[in-house]
Amino acid sequence: MAIWEDPFQKLSEDLKTTLRPQREWVAGRGLFLLLGHFLSGAGAGTWLFSIYYGLAAGLMLSLGVVALGGVAHLLFLGRFGRAWRIVRQPHKSWISRGLLSMALFLVCGTAYLLLERIGAVSGALGGVLLLLSLVGMAGILLYKGFVYAVSRAIPFWNTPLLPALYIAYGVRGGAAILLVAAALGVGGVELSSLEFIKLWVVVSSAVLVLIYLAGMSSSGVASRRSVSQLLGLRGSASLAFYLGVMLLGLVVPIGMGLFSHYGTVLPWVLGLVGVSSLIGDFYVKYCVARAGIYLPLSGEFPAR
Amino acid sequence: MRYVMVIDLKRCIGCYGCQIACKSENATPPGVFWARVLKQEAGKFPNVRRSSLPLLCMHCQDPACQQVCPTGATTKSDNGIVEVDSDECVGCRYCMMACPYGARYFNAKERSYFGQGLNEYEKVGYPNHPTGVVGKCDFCRHRLEKKLEPACVANCMARARYFGDVDDPNSEVSHLIREKRGQQLHPELGTDPSVYYLPA
Amino acid sequence: MVKTTTEIWEDEWIPSACSICYNQCGIKVHRVNGVVVKIEGNPDSALGMGRLCPRGLAGIQMLYDPHRVNHPLRRTNPEKGIGVDPQWERISWDEALDIITERLSKIRQDNPHKLLFSGCVPSIAPLFVGLGVWRAAYGTANAFLSDGHQCGNAEHLLAGTLHAATTTNPDLAYCNYLLIFGCHVGFSGYYAYTTMAQRMAEARSRGMRVVVVDPMMNTAAEKADEWLPLLPGSDGALALAMLNLLLNEYGIYDAPYLREHTNATYLIGEDGLYVRDGASGKPIVWDAVSSMPRVFDDPLLKEPALEGSHKVGGQWVRTAFDMLRDSVREWTPEAAAAVTTLPADTIRRIAREFGEAARIGSTIVIDGKELPYRPAAVIYFKGAHGHDNAWGTSLAIELLAEVVGASNVPGSLMGCNPVNFGHPDTGMPHYQPTVDKDGMLVPGLWFGMSQPGTTPPPFPPRDPRKPRFLNLIDLVPWPISTFLPVITNTQPESFGIDYKAEALVNYGSNLVMSLGNPETTVNAFKDLFTVCINLWVDETAEALADIVLPDTCYLERLDPVPVWYHHHHPVGMGDWTCQIRQPIVPPAHERRHFSEVLLDLANRLDFLPDFQVMLNLFYGLKPPYALDPEAEYTWEEICDRIYKGWFGEKRGLEWFKEHGVLNWKKQVEEAYWKPFTHARGPIYFEWIEEKGRKIKKIVDELGLEDWDMSTFKALPHWRPCQALQPREGYDLQAIYYRVPFHTFSMTYENPWLDEVSRLTEPYSYFISINTETARRKGIKDGDEVWVESADAGRVRGQVKVVEGVHPQVVGIAHNGGHWARGMPFAKGKGVFFNALLALDLKHTDMVSFTMDCDARVKVYKT
């Protein structure tokens, strides 16, 4: 299926299948949602590292990327104009929580950044804002995985590994953005340690991905089908998985990371590695969404 | 008071009458089926079984869709009916990810069946289906208000569907569920559906 | 449904009758602000009892289909054929009727038989005003039902002769064991579908066992307790083996029934005909008590012998029963197993189960009357009889019911309502079977609404004559319908007919798609001046029509008593219902009701008086309500007279418009009429043997080589149909099957029904091939393939690999793949099965004019 195709036709045809894939959150305008998840996660990760390294430009970049992610989220909605209503149910809905986190992060983060500009960041207010922005950031990193993980309808998503995976990828995305920024000459900070952290996160992500897939391939029929969508040669997301997630997202970053550890790598190469891992980051979201298969509606009712 | 529907799979003949009864009652747009039938095949020739599973919103007592709805557009009434307020829905489709029964549809844009504008019938029916929001079966609430059964129940040619109050231990549905071992779909999910199936 | 805030100035429920298939179920239509918003079943009607099938529910989308034809059209491109653009020109009704009148008037003066009249059954009420009344008044015998191979000629013939009815249905109210051969009674489109579905559910719920004999795991087989997948066209072999087991091995048969209600005891001479009494000419039986031959109705006859050979009048004669027993002996379960591919043990078990379930000798009391109780029924339709071995196969299946006495008694196979005493106030409509001089059953009404009707029943048979009619119903004067003009019109001289048809009036049928291979049909009719009256400019109009007239759909027209008391009512006890079909909305654009057009044309063609006389016969109208041949009436006035003629002055058209239905109770003597009569059904079809010889003589004189006389037999028999015979390179048999959500090919234009097939049902738009067969051929699910017939065309479609089809069979639902410009929605959907069917004598059972509706094929990837 072409990536931008209106999912209507396929959605309808799915109705006669036993193992029905979800499409609303991946096809057509569903891509905006994935983009939103990707951008907000990576943006939040950028905040983390920018605070850690004290990178003002990184903070700005982070806010920008998260804001962009927020806009992408809104573009996905059927009724854009009513988007504000999403904040109403934080006591139960992870989407509400996510949007509130994003709002908190953007407001406090922007305020923090302004204070930082005028040099008043070290006061109590600065501390509170920093804390709140970190809370928002954590919320952003956390919520996506939980949005998926609470859906018992889609067993492939219904695992605590998914939040862990998305946090890892968010953090890694942050590092990758900073690497890209550095390569483009933004930030001006020595990032060699960042690359090390990033390598560490990439390797853990890889381990998480493997644990996740292994776990899923040994559980129910729906999640097995999900795994085969990624790993199977004719799987609906196998190209995205092997090229995007594995090659660009894991092999290249790990390889180059190891290489940079033992040799010298030019900043622009690191930048390219950053881009590569960012693409991988997006494709993780894409693949997880694409491989979402609902629980089959049969089984417990023998025909006679 | 809790409305439930009981579907007797022994009686059901898999004719798709419920699907069309629902379509014509609710004027749902193309590709949207508040009621539908899932046909499946199992076994090897000549020991083959085909089965028909009529589906609709299960009106769960612990609805996963309501749990995840970020706006509160999905609510559960005192009579057990789970409804979507299309004025409140923002069309995030989270409920569709959460519903294990495939009962929900997102009405992306206005579509006519014949593809050249709405015909006379669609002009009357489609304003009930705003675009950009999620919709689903409401047990034909408008019919219940007139003391009529839901359209799929009232029309079923095999008289395979029963509708009533399960809180009343003497109702027909209560009897059927008790005596004919009514089962819910995916009870392990803890959603407690209000649609029960009697074994084929 | 209406939740909108628009002001509601009208909100009405109007009673009427459905017409999306031939069943005419009672409906209530919801009209709001002049728009039809819902169709429901009418709970007051015995035809459906408030329930509708998916097709009936979807009727709204037929009414509001923007692709309907809305005004008369004239072809301006003189070239005709498949794919040719007719270059339609819009004309007025007056112009159209002038053109038609001029042509038909000339033909009528010259030779009225040069007009062919065809139609299809879903629009059954106007069709029979045309086919039964107008056509007869015009004076052409060349009628044919172009639902083509979809009709049940052999079944209708046996329904007429064994059950005095047009059709059959099982009595599900009492049946405990139902054996279904290639049919979907109670599960999918079949007689009285919406009511039978309710009864089927009820019967299965109380434990009735259902065994389905079908190569395809279709709607009925899905719900069956047991599925017997046999090869298409081999049903007769199975039935013969079961007969053999019952009669010769298990000794399970109903001797009293056979003696009293069949011709089993009649003595058959060496010539295969009845031994007749010299004086009275009546058939002779052997009196076992006095050991002498006697006339079958001799009051001195003590006990007619069921078995034995006797010397009568110098020749050895045998009872018909003995002949039957002997004739089935060769059909051992093993012999049937080899033909059907079913295990012999299964055949043995099913025969025993069926025989035992019949509970021979038991009785039941219904409404205070003690009746034989035979709760085992067989039922069969197209899957079994739709082959060129139709006669022998259908007879074998019917005799399963006859030998155990499970015929027209509670729980058994029943003729659909052959007895009707009429409404208690007026005795109308009225018909009941009679008994002929041989003691045999004669239907009271064959075609028509009340006695006398306009068409004689198949029995007693008329003598075959050298053909003068293109449909050959004078040569073989009993099939209910025929597709034969497709064959005869291209070569009338070889049938001894001295003319060709010059015009074709085609009502509501898409015969280019419905008969068989479309090239054959177009070739046969392309030189005819053709008028199509239909809802769409379909493939037939596009390929053949000179004039297209826009018809009304059933929600736009008035049809008096759109009910055939014969087959629209369920069998057994219940209500009789008389209905109305009335316009829910006025006909949009320039659409006109065909019955009104016929009235107009009869007037223009100067035979209005004959038309009105025929209407009187068809509806059984007597003074003061009979139409005055010389007077002129509007269609509404005619309808009013029909209702008043039937139900009295108070219940005219206005009454029916308001009330919709009139019900009265069926009496037990109507529902279970057989035990109340002395009529006998044949287990030995002596007359087929006798008339067959006369037909053979004519056929030999004509030198018709392809005319197969081998099926003209008095007893059941079996030979493989064409499609079952091995052919080099063609390793599979293609069959079509029906689903509950389509009627023929028409409903492919209905978007709600199309959606069922396209989106929520996995099989019907695909070519079903067994997993093992597909694997062997390297075909995968979703592959595009050609199915190529050994004798006709080929069709293309997508494969669905399934387990639920016999490995030697490919299954195709209905008849899709429309291509006409005028049905853009239906275009290309499903698979055009009929292209595979050869239209020729070789593929036809000449006793019943049944075509072989399956085909020898090969399947390969595109």
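**Getting to know chain A**

Chain A has 10 helices and zero strands, in a model that is predicted.

Reader: What makes the pattern of chain A read as it does along the sequence?

Author: Each α stands for a helix, and chain A reads α-α-α-α-α-α-α-α-α-α.

Reader: Why is chain A called as compact as a globular protein of that length?

Author: Set the value against the rule: the radius of gyration is 20 Å, and the globule rule gives 19 Å for 304 residues. The two are close, so chain A counts as compact in that sense. As for its extent, the C-alpha atoms fill a box of roughly 75 × 50 × 30 Å along the principal axes.

Reader: What makes a residue count as buried, and what percentage of chain A is buried?

Author: The cut-off is 20 or more other C-beta atoms within 10 Å of its own. Buried residues make up 53% of the 304 residues in chain A.

Reader: Among contacts between residues at least 6 apart in sequence, what percentage join residues at least 24 apart?

Author: In chain A, that share is 71%.

Reader: How do you know how helix α6 and helix α10 of chain A pack?

Author: Packed helices are described by the angle and the distance between their axes. For α6 (residues 161-183) and α10 (residues 267-290) of chain A, the angle is about 150° and the axes are 8 Å apart. Their crossing is left-handed. Among the residues making the contact are A:Y169 and A:R172 of α6(A), with A:W268 and A:D281 of α10(A).

Reader: Which classes of residue make up the contact of α6(A) with α10(A)?

Author: There are 14 nonpolar, four polar and two charged residues.

How values were computed:
Residues are numbered from 1 along each chain as its sequence is written. Chains are lettered from A and ligands numbered from 1 in the order in which they are written. This is a predicted model: local features need pLDDT of at least 70, side-chain atom pairs count only at pLDDT 80 or more; totals for chains, interfaces and linings use all residues. Helices (H or I, at least four residues) and strands (E, at least two) are DSSP runs, numbered from the N terminus. The radius of gyration is taken over C-alpha atoms; the globule rule is 2.2 Å times the number of residues to the power 0.38. A residue is buried if 20 or more other C-beta atoms lie within 10 Å of its own, exposed if 12 or fewer, and partly exposed in between; C-beta atoms are placed from the backbone. Two residues are in contact if their C-beta atoms, placed from the backbone, lie within 7 Å. Axes are lines fitted to C-alpha atoms, for helices over the stretch in contact, and angles run from 0 to 180 degrees between N-to-C directions. A crossing is left-handed if the near helix is turned anticlockwise from the far one by less than a right angle, and right-handed if clockwise. Ala, Val, Leu, Ile, Met, Phe, Trp, Tyr, Cys and Pro count as nonpolar, Asp, Glu, Lys and Arg as charged, and the others, Gly among them, as polar.
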